[in-house]
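Visitor: Could you pick one part of this model and take me through it slowly? I'm new to this, so please explain the terms as you go.

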Amino acid sequence: MIRAQNLRHVYKNSSGEKVALDDLNFSIDDGEFVAIIGTNGSGKSTLAKHFNALLLPTSGKIFVDGLDTSDEKNLWRVREKVGMVFQNPDSEIVAAVVEDDVAFGLENLGIEPKKIRERVDLALDDVNMSDYKKFAPNKLSGGQKQRIAIAGVIAMRTKIIVFDEPTAMLDPQGRREILELVKRLHAQGKTIIFITHFMEEAAQAQRIFLMDGGRIIKNDTPREIFTDMREMKRLGFDVPIAAEMAERLRRKNFKLPKKILTAEELVAALKKIK
Ligand code: ADP
Ligand code: MG
């Protein structure tokens, strides 16, 4: 479980101070799938980096499995629990051969070579990239590279995986593959924190944090958040297409239930009308 208590982060540099996280309080349960959405500069990446102590609170605390991340002696235990996947797969690839890249984090842990090979093979299998283990990563598509980066995290066997806009640089096919993989990892019991600016992706989570100006201004289910279309428009967000269509049809006097989120629900509701 993850818990933030009055978590603040202030960046200081020559041009002054910037409050990037402003007094956050939340908790995330073991095995939960939380999506984080918010406009550019709302603090999503700053928050992501607090989950594995890449950044430390200016004030307040964040606890990962009860470990205070700002306590220096917890650093490696925190990093063992939280894996990170970032936006740009190119900047995450460190080795010239796929299997070495996936093994990289494990080698740094001093695990014996035979065990490393086993874990790498399993992780590559998990992301459907076994056939590419001898490939050079720079020969792969963006989506494939991102799957290699995820395999590296899977091989580390962290309980929690934080994704910071992993699909932002991918084509629709690549995006779909990553989302399927994320859902599978969640089904296997991992705790997932998934930052995205694609609302259709966020709608797949169990819970959404909506960030604005360094605060979490909404913390609720996708259904509650995305079916309040007027409020989402006011905040400058789109909603998933089915929720939007349902709202337009309601305005044309279609008698539809209030909280339609998915295409399946919309189709089912329309069939009942006929
Ligand atoms: P997001 O990921 O939601 O786009 P960030 O967490 O990257 O937002 O940034 C939050 C705010 O902090 C923004 O105003 C950004 O300009 C600022 N910021 C981010 N990183 C730094 C930094 N290293 N130094 C100073 N300000 C930063
Ligand atoms: Mg960001």
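**From a helix end to the ligand**

Guide: Let's start where a helix stops: right after α4 comes Gly110, with a positive phi near 75 degrees. (Helices and strands here are DSSP runs numbered from the N terminus: H or I over at least four residues for a helix, E over at least two for a strand.) Keep in mind that this is a predicted model, where local features need pLDDT of at least 70 and side-chain atom pairs count only at pLDDT 80 or more, while totals for chains, interfaces and linings use all residues. Residues are numbered from 1 along each chain as its sequence is written, chains are lettered from A and ligands numbered from 1 in the order in which they are written, and side-chain values use heavy atoms, with hydrogens and water left out.

Back to α4, which spans residues 98-109. Its buried residues are Val98, Glu99, Asp101, Val102, Ala103 and Leu106. Buried means under 20% relative accessible area, exposed means over 50%, and partly exposed is in between, using a 1.4 Å probe and protein chains only. The buried residues of α4 pack against α3 (89-92), α5 (113-126) and α6 (142-156); contact here means heavy atoms within 4.5 Å.

In α6 you'll find Val153, which is buried, with a relative accessible area of 9%. Val153 and Ala103 sit 50 residues apart in sequence, and their C-alpha atoms are 9.7 Å apart in space. If you skip residues up to four places away in sequence, Val153 touches Gly83, Met84, Val85, Thr158 and Ile161.

What about positive phi values outside glycine? Most residues other than glycine have a negative phi. Ala53 has a positive one, near 60 degrees, and lies in the loop between α1 and β4 (59-64). Asn253 has a positive phi too, near 70 degrees, in the loop between α11 (241-251) and α12 (263-273). Is each of them buried or exposed? Ala53 counts as buried because its relative accessible area is 7%, whereas Asn253 counts as exposed because its value is 60%.

Now for the main stop, ligand 1. The residues around it are Tyr11, Asn13, Lys18, Ala20, Thr39, Asn40, Gly41, Ser42, Gly43, Lys44, Ser45 and Thr46. A residue is near a molecule or strand if one of its heavy atoms lies within 4 Å of it. By class, this shell has two nonpolar, eight polar and two charged residues. (Nonpolar covers Ala, Val, Leu, Ile, Met, Phe, Trp, Tyr, Cys and Pro; charged covers Asp, Glu, Lys and Arg; the others, Gly among them, are polar.)

Let's look at some polar contacts, which are pairs of N or O atoms within 3.5 Å; within protein, one must be able to donate a hydrogen and the other to accept it, and residues adjacent in sequence count only if both atoms are side-chain atoms. A polar backbone atom of Gly41 is 2.7 Å from an oxygen of ligand 1, and a backbone N or O of Ser42 is 3.2 Å from a ligand oxygen. Thr46 uses a polar side-chain atom, 2.5 Å from an oxygen of ligand 1. On its own, ligand 1 exposes 560 Å², and the protein buries 63% of that. These areas come from the Shrake-Rupley method with a 1.4 Å probe; for residues, only the protein chains shown count as cover. The elements giving two or more residues to the shell are β1 (2-13), β2 (16-28) and α1 (44-51), and α1 gives the largest share, three residues.

Ser42 deserves one more look. Ser42 sits in the loop between β3 (33-38) and α1 and is buried, at 1% relative accessible area. Leaving aside neighbours within four places in sequence, Ser42 contacts Ala20, Met211, Asp212, Gly213, Gly214 and Arg215.

Just before that loop, six of six residues in β3 are buried: Phe33, Ala35 and Ile37 on one side, Val34, Ile36 and Gly38 on the other. Strands pair if DSSP finds at least two bridges between them. β3 runs parallel to β8 (191-195), with four bridges, and Val34 stands opposite Ile193 there. Five bridges join β3 to β9 (207-212), also in parallel, with Gly38 opposite Met211.
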